[in-house]
Each structure stands twice: as structure tokens, then as C-alpha cells.
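Me: I have a structure to look at and would like to know how its labels are earned. Please set each value against its definition.

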Amino acid sequence: MDSFLEERGAATAKSPAAQAGSALLPALHLPFLPPHLFQPASSHEHKLNFKKSKEVCLSYIQDSMLQKQWKRAAEFLTFYIESLEKDFSTEYMGPSEMIWRIGTEILCRHSHSSMKEFNSFIEQMKTLGVKRYLKVCLEHAFHLLCNGLIDEAYQNLSLAESWRFGEQTAVQDKEMKLIQAYRGLLDYYRWSKQKNILLEHGQDGFEDLSVEQEMHNCFRKAAVNLKEIIKIPGVWDLFVKCYVDLLEFYGDHNEARQVLNEYAYNSKFPANPNAHVYLYQFMKRHGESKKSLISALKILHDIVPSHELMIDFNTMLQKSKKRKKRRLGLEVIFAALDYAGWKENVKAWSCLARQVKQIVNSEKHLDWIKQEWNSRKDWWPAFHFSRYLAKRNWQENESLSYEKALVAGILLGKDCKYFKYVSHQGCKAQVKRFRILKKFVNKHNPVYLRISGLSDSSVQP
């Protein structure tokens, strides 16, 4: 970091920790630290003061990082490293992981740092602790990927995969599988690039044959590593998606389905809504039965009732001839609209308005609406149907205000503030569908009385 770090005056032999420090800030000026952090002391005093100094120095580093004062943080970290070097105690301090994590953060954030300096620091960090070697390699690969250096990241992961030191522990075994998995991910990326070239230029010619051979080579390497990582219980969304894509491309649909089933339903894996999304999307792509699709979305609804696929779920349920499923459809769309993220979703309000209108016209199953409304009548009026929202919805999205006004008119009656404002504005603007809406709600106002359990229309919401 030539732009913000000074060169050390004397050329002296350095330990790995010292070299890591010099990559951050070789020479120090520390006006922010109290004198006891650097004045000479007796050996007993030194041991006591060092512990206190270390804690104070780390607090300064934390404060600087929180305030995004990266140069100041670098100065304190260098002082911290140099203090460790000067410590004469035999007690193991175990600072290498802290230096690695703090130094990495500073180098990533500092506006004047370069990739060359980051790489130099990381390479020194790899020598500080055997137990952390694979972790550091993995983070190095992430940083390279974030900076678009895909080939360098691949090379880094390949070198890490070939690393051996003594007996491999269980932790190192898991880390090695991660290294292999991310290398598999990059092999998938290469496969995908070759696939696109092949699809773009066709399959006639020598060059295309070489592309196809390279593509199959990437497929084999990617498939082996991706298959291994997804056997371990965990959340492996990206790896699963890539592996399934490989399998589908080569027509191995049974294996792909088995992988997705295992990921979604194996009790050893943590609950993961995405697993059910991927399974549903796979089944939909391959034209599986509506019953299977509904079953997959029912589980997703139980886990995440606000998921965007609830629109699809509601639509399928409404098309069913079974009363039980249509009843569930109403429950699904009401539940989705309980969430703030759905407040202005036109499709969701359109689904609810359509089903409410069907029920009102048929005069059957009004009890379905009543059951859903009972648990919401105390908070939905303010949450969805205030006059303020009526004005804003009308100004920003006429279609949204129309769908919501229909629902509000049925649930809260013709005197509901939301319905009155929107229907008035719509009629004033001479929009035909708003005149029809107003007539529909006025005609069916007794439905509101039945839903709310009122006997006197003079009672207003």
C-alpha cells in the first residue's frame, strides 16, 4: 500500500507476523494511544501491561473500523502486531486469526489498497497457522472472484486442494470438501460458457468438437465435486442448482429428481424453503401432475406463507373442482396479504377480489370469508384500507386501487373510507369499471352485514 504506508527504515529479519504487519503499516505514529502502551517496563510489569495494552489496542481497532477510518485501523493493527513480537512471555497468544480477519477487512475496505497488496498479505497469513490454511485459501478465492479474477481463483483452489500437512482432522476434511465444492462450482461456470458457445455456433466443425470435448471434461470435474458436497447435511442452494442443471442437460432427470427430493425432504438437512422451490420448479418444467405441484407448494406455504409462489398456488387451487382446495386457496391469499411486502401487489389483490366476487355472486361459502376476516378485522382496516392509502393507491396505481376497493367494499361495507374515496375518484374520472364496482358493492352490502355479524347497516367501520 505505497500510497498510505511508509517503508521501514532498517532492513531487518522479520517473522511471518512482522511481515504481515509491514504489509499494513511498517512505520507508526500513534498519537491516539496512551503512553503505557509503548513505554519500557520490567518483565513482570510487561506481561501485565501487554495484556491490557492488547485489549485497549483491539478496542481502538474496532472503533476505527466501525467509523470506517481504515488508515487509523491499519496503524493500530500494525502496532498490535509489533507488540506481539516484543512480548517475552511464553504464554501462547493465538493472534493469527485475529490479524488475518482484521487485516483482510482493512485491505478490502481501504480506498488505496491494491490487489497486489491484498495477495501479499494473504500469502503471509497462510504461513501463520496450519489449522487455518484452508480457510484463508477459501477467503482468498472469494476475494479474487469478487474482483473478477476467475482463473486466479481457480488456480488458488487447485493449489489448496493439493495441500497436505500431517494427519487431516475432521474440521480440515470439511474445509477440504468446501474447497473442492467451490472448485466444482468454477468447473460448472466453465462448462456453462462452453455450452453457450456450442449452442450459439452449432455442432458442425472441428472447433465445435474441441469445445464439446472441453465442455464434457468440465462437466465430469464439476459433477464429482458438486455431488460430494450436497451429501453433507447443510444449505447448499447454489451447488444443488448447478448440479441439477448439469444432470438435466444430459437427460438424467431421475437422478436430478432424486437429488431435489433428498434436499427437500431429508430430515437431516435444515428446513429450507428454497429446497421446495427448486423441486416445484423442476416438476413444473417436466410437466408433472397438478396434484404433485400443489403438494410441493403446500409445504412451501406452511414454511413461508409470504413466498412469491403463493400466487401460483392460489391460482391452481382456485381452478380445482374440489371445494376443500378452493377453500385453501382463499386462506393462502389472505395469509400472503398479511405481510407488508404484499400490500401493493396487484396480482395478489386481483386473486382475492376475483374469489371474493365469485363467492358473493354465488352466495355460497360466505362463511369462508367470515372465518378469514374474523382474525383480521381488528387490524386490516388500518393496515390496508385507510383513507391515506386510498389516496396514495389511486394516485400511483389505478388497477391496485380498483382491486382493493372491491375487497374493502365487501369486507367493510359501502361506507368504508377506502371504498368511498376510490369509487368517488373513479366515477369522477368517468372510468366505467368504477361505476360498475360501486353498483356491485351497493347491491351486495348485505353481505358485509352477514360477514361482520351486524344487523344494522347504520354501524360504520
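Me: What does the secondary structure of the protein come to?

Reply: The secondary structure comes to 23 helices and zero strands. Helices (H or I, at least four residues) and strands (E, at least two) are DSSP runs, numbered from the N terminus. This is a predicted model, in which local features need pLDDT of at least 70 and side-chain atom pairs count only at pLDDT 80 or more, while totals for chains, interfaces and linings use all residues. Residues are numbered from 1 along each chain as its sequence is written, and side-chain values use heavy atoms, with hydrogens and water left out.

Me: How do you know that the span of helix α15 agrees with its 14 residues?

Reply: The expected span of a helix is 1.5 Å times one less than its number of residues. For α15, residues 323–336, that should be 20 Å, and the end C-alpha atoms are 20 Å apart, so the two agree.

Me: Which residues of α15 are buried, and what do they pack against?

Reply: Buried means under 20% relative accessible area, exposed over 50%, and partly exposed in between (1.4 Å probe, protein chains only). The buried residues of α15 include Leu 328, Val 332 and Phe 334. Among the helices that the buried residues of α15 pack against are α13 (290–303) and α20 (398–412). Across the protein, buried residues make up 46% of the 461 residues.

Me: Why is α19 called oblique to α20?

Reply: Axes are lines fitted to C-alpha atoms, for helices over the stretch in contact (heavy atoms within 4.5 Å), and angles run from 0 to 180 degrees between N-to-C directions. The axes of α19 (residues 387–396) and α20 come within 6 Å and cross at roughly 140 degrees. Angles under 35 degrees count as roughly parallel, over 145 as roughly antiparallel, 65 to 115 as roughly perpendicular and the rest as oblique. The crossing angle therefore makes α19 oblique to α20. Residues making the contact include Trp 394 of α19 and Lys 404 of α20.

Me: What makes His 365 partly exposed and Gln 430 exposed?

Reply: His 365 has 21% relative accessibility, so His 365 counts as partly exposed. Gln 430 has a relative accessible area of 65%, so Gln 430 is exposed. His 365 is in the loop between α16 and α17, and Gln 430 is in the loop between α21 (417–428) and α22 (432–443).

Me: What is phi in His 365 and in Gln 430?

Reply: Most residues other than glycine have a negative phi. His 365, not a glycine, has a positive phi of about 65 degrees. Phi of Gln 430, also a residue other than glycine, is positive and near 55 degrees.
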